[in-house]
Structure formats: C-alpha cells, structure tokens
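Open the model in your viewer and switch to a cartoon view. The stops below go element by element; select each one as you reach it.

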Amino acid sequence: TALPICRGGGGGGGGFTPSKNSTLVIKNLSYSSNEDGLTEKFSDAISVRIPKNRDTGESKGLAFVEFGDADSAEKALTRMSGKSIDGRPVTIEYARE
C-alpha cells in the first residue's frame, strides 16, 4: 500500500503573519542608521534597538521599535509604511512575539 503524499506543514517560514502587537521590526535598514535617528522618526516609541553582529559590531540591517501599546505601533506602521529611512526603502511589520 502506498503512503499518501503529504504537502505543506513542516517548517518553511512562508506565509506567517505576525499578529498585531506593540513592537515593530524595521527591515532593510541602512547600516549607518542609529538608535537616536530612529527615535526621532518614531517619536512615540518607548525603546529602539538595533542588533549588532557580535564579531564585527556592525548593524544587522534591522531594528526593533517598541511602543507603549499596540495602537501606537499600528499608527507608526501606517505612517511609516512605504517610506525610506536614511536613504533606503524599509519594510516595517509587527515583530514576532
């Protein structure tokens, strides 16, 4: 008897949409961007963090911006979507919790 062919499931990573929460992730960020500059762009944020490569100390090209509540994050997402930061078009989405 042949086993049925199963498709889908399994790991992959495609199709996951993080749910609305109070933290945004900014992707495709310029390596020259800094936390002070992002704090100016996202003035209602309570924290901004740019992860660094532990070996080189350089930015990984993304940032996490935390807000006091999900509504503030949603407003910032709407306001900044499709914009450029430090000369680069960025992708902004909710961070995974």
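**Start at β1**

Select β1 and β6 (residues 91-94): the two strands pair in the antiparallel sense over four bridges. Keep in mind that this is a predicted model. For a register point, pick isoleucine 26, which stands opposite isoleucine 92 in β6.

Now add β3 (residues 62-67). β1 pairs with β3 too, antiparallel, over five bridges. Here leucine 24 has valine 65 of β3 as its bridge partner.

Stay on β1 and show its surface. Is the strand enclosed or open? Four of the five residues of β1 (residues 23-27) are buried, so the rest of the structure largely encloses the strand.

**Widen to the sheet**

Add β2. β2 and β3 run antiparallel and are joined by four bridges. Go back to valine 65 in β3: valine 65 is also the bridge partner of valine 48.

With these strands selected, read across the sheet. The sheet is open, has four strands in the order β2-β3-β1-β6, and pairs antiparallel. The edges belong to β2 and β6; each has a single partner strand, so one side of each lacks a neighbour in the sheet. On average, neighbouring strands are turned by 20 degrees against each other, direction ignored.

Next, select helix α2 (residues 70-80). This helix packs on the sheet and touches β1, β3 and β6. Its direction makes about 160 degrees with that of β6.

**The aromatic pair**

How many aromatic pairs does the structure hold? There is one. Select phenylalanine 42 and phenylalanine 67 and show their rings: the arrangement is edge-to-face, 6.3 Å centre to centre, with 75 degrees between the planes. Phenylalanine 42 sits in the loop between α1 and β2 (45-49), phenylalanine 67 in strand β3, so the pair ties together parts that are 25 residues apart in sequence.

Check the exposure of both rings' residues. Phenylalanine 42 has 0% relative accessibility and counts as buried. Phenylalanine 67 is buried as well, with a relative accessible area of 1%.

**Last stop: serine 30**

Move to the loop between β1 and α1 (35-41), where serine 30 is found. Buried or exposed? Serine 30 counts as buried, at 9% relative accessibility, because the cut-off for buried is under 20%.

Show side chains here. Those of serine 30 and serine 32 are joined by a polar contact of 2.8 Å. Then look beyond the neighbours within four places in sequence: serine 30 is in contact with Asp86 and Arg88.

Note on methods. Residues are numbered from 1 along each chain as its sequence is written. This is a predicted model: local features need pLDDT of at least 70, side-chain atom pairs count only at pLDDT 80 or more; totals for chains, interfaces and linings use all residues. Side-chain values use heavy atoms; hydrogens and water are left out. Buried means under 20% relative accessible area, exposed over 50%, partly exposed in between (1.4 Å probe, protein chains only). Two strands pair if DSSP finds at least two bridges between them. A polar contact is a pair of N or O atoms within 3.5 Å; within protein, one must be able to donate a hydrogen and the other to accept it, and residues adjacent in sequence count only if both atoms are side-chain atoms. Contact means heavy atoms within 4.5 Å. Rings of Phe, Tyr and Trp (its six-membered ring) pair if their centres lie within 6.5 Å; planes under 30 degrees apart count as stacked, over 60 as edge-to-face and the rest as tilted. Axes are lines fitted to C-alpha atoms, for helices over the stretch in contact, and angles run from 0 to 180 degrees between N-to-C directions.
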